[in-house]
Amino acid sequence: MGTSKLPFLLDCFSFKLPKSPIFVNLIQTLIAMELCKLCRASIVLLVTANLIFTAQSIPTTLEGPFEPVTRRFDPSLRRGSDDLPMDHPRLKRNVTSMFPEQIALALSSPTAMWVSWVTGDAQIGLNVTALDPSTVASEVWYGKQRGKYSLKKTGVSTVYSQLYPFEGLRNYTSGIIHHVRIDGLEPGTKYFYKCGDSSIPAMSEEQAFETLPLTGPNRYPRRIAVVGDLGLTSNSTSTIDHLIENDPSMILMVGDLTYANQYRTTGGKGATCFSCEFPNAPIRESYQPRWDGWGRFMEPLTSRVPMMVIEGNHEIEPQAAGVTFKSYLTRFAVPSVESGSNSNFYYSFDAGGVHFIMLGAYVDYNTTGAQYAWLKEHLQDIDRKVTPWLVAGWHSPWYNSYSSHYQEFECMRQEMEALLYQYGVDIVLSGHVHAYERMNRVYNYTLDPCGPVYITVGDGGNIELVDVDHADDPGKCPSARDNIPEFGGVCHLNFSSGPAKGNFCWDRQPEWSAYRESSFGHGILEVVNSTYALWTWHRNQDIYKENSHGDQIYIVRQPKLCFMGSKDDDVAPSSPPMDSAGGSWNPQSGGFMIYYFLLLILISLQCL
């Protein structure tokens, strides 16, 4: 009996199983051993019995709200690390002439994908001359078979410049940036592709990606990775290496990507005091070659896994004539036209049965603005019978108990929170604070079973160190003059009710803060069905520890309890995937393990 039976055996289950190494190894062992069915069943019994007695329960939000938990910074770890130099093997240019580099994918629709790349040499100096995009074509050849490309699409190309007409600062002009939308893709299908200009010829090596499932309430991406405030440090490499080990099918990057605007100030080759070294420069230079280095650093991942980005404050990058966000707006393709926003600062997309809304914290978010108008109209059109899950993401968190950025975006919360609550947003993902924090369900600073689960993952590893101080620590409450946002107004407030009534800060960890920890890492969201999703936060220090993580919980939707303003909101809850003390099913608790135990017996007798 060959190992080709393994996929069939794994599919013998009618529901989504945790494909743990123990389970897979067990099946592989049984296949390899020429034993009778009774012997194989006995092995299953012994291994599963061990799992039953050693498994730990994963909590669910149904058991919340939880008592706040703080895990302090581990003093054996460093709070930060140096920027990688531009000649680092993962950052330096490894192609010549017009051959593609910095290849990246982004979702366009369930049947279409954006492919982006860069060709040609960027320039930096006092006098730079922009390349001519018309000198090289933008082509993607693709198909379902390796080395056979039955389809071809062409797209657009452009360049951008970052200009600083001030003494001592250097100008920059980019290589040629290409964006091609390939369509007609089948869901859940592997495609092979090359990009470049076939007439030169200057085509990339063959790349491959797998499309996501078709939109629908019973179809979900395998794993969605969530990262914020990544940068280009040694810690950043640990984060991405760890993320790759977790094998995501999509990446959500919630702002502050390269920290190019920090490189001349805090990076390995920069000035320790920018304003001291360049006193006549009213604008801090953003060292644009870091964007090219970041694109090369990410390419092994983004050339095969779509990455969806949203802007953070480090993408503002002001230059002459008041121009901002030039790098962000030019380098990334996002489904802005497809989602009707027509703005790269905010947009939406589907990933199976999950609808994502990406919002801009550094453009107008007021109720009278274009973003709010788009958001309100868009929320009304979401069909929760088709995409039961509604997940929002933006850079700056509304709920945050760290001293850093405390109440910084209170104005945005006051403008938009009621609308998101009205339409039943399930999860909100943000960065900005360089630490991890998960909230209890909350609305307007009040515990609410229908409020979203807010999660901060601004711990990607950037140059600015991990945040360790909490606003409720003695002497660490910021003043009203601190934490002024780089965009928008200041709306700092004292709490009007609860244990912190009359105060700007709590004197203990706020009741809406369920878990917080000062470590670098990333998150993984695994949606099980229309009402259950597993959230896991992976710390960088756990990369070499099997099945180790910093925080884990099942986020459970309750559509019958919580009114949703979007159309077709009468969604029946799915069967829970686990069995815990709270009455729900947990793949690592006793009730599930008994069921798992019986099913494995059935597999050993029927499937093997």
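How much accessible surface does the chain have, and what share of that surface belongs to carbon and sulfur atoms? In this predicted model, the accessible surface amounts to about 24100 Å², and carbon and sulfur atoms account for 52% of that area.

The chain contains 608 residues, of which 57% are buried. Its secondary structure consists of eleven helices and 28 strands. Contacts across the sequence are also described for the chain: when residues at least 6 apart in sequence are considered, 73% of their contacts join residues at least 24 apart.

The interior may be followed through its nonpolar cores. The largest of these has 121 residues, and Met250, Met253 and Trp535 are the members with the most contacts inside it. Separate from this is a second core, made up of six residues, among them Tyr164, Leu169, Phe274 and Ile283.

A single residue, Tyr421, provides a local view. Tyr421 lies in helix α10, which covers residues 410–422. With a relative accessible area of 24%, Tyr421 is classed as partly exposed, because the buried class is reserved for values under 20%.

The surroundings of Tyr421 include residues from further along the chain. Val442 is 21 residues away from Tyr421 in sequence, and the C-alpha atoms of the two are 9.6 Å apart in space. Beyond the neighbours within four places in sequence, Tyr421 is in contact with Tyr443, Asp448, Cys450 and Gly451. With one of these residues, Asp448, the side chain of Tyr421 forms a polar contact of 2.8 Å, made to the side chain of Asp448.

Notes: Residues numbered from 1 in each chain as written. Predicted model: local features only at pLDDT ≥ 70, side-chain atom pairs only at ≥ 80, totals over all residues. Heavy atoms only, no water. Helix = DSSP H or I, 4+ residues; strand = E, 2+ residues; numbered from the N terminus. Buried < 20%, exposed > 50% of the residue type's maximum accessible area, 1.4 Å probe, protein only. Contact = heavy atoms within 4.5 Å. Polar contact = N/O pair within 3.5 Å; in protein donor to acceptor, adjacent residues only side chain to side chain. Core = buried A, V, L, I, M, F, W, Y, C linked by side-chain atoms within 4.5 Å. Areas by Shrake-Rupley, 256 points an atom, 1.4 Å probe, with all protein chains shown as cover.
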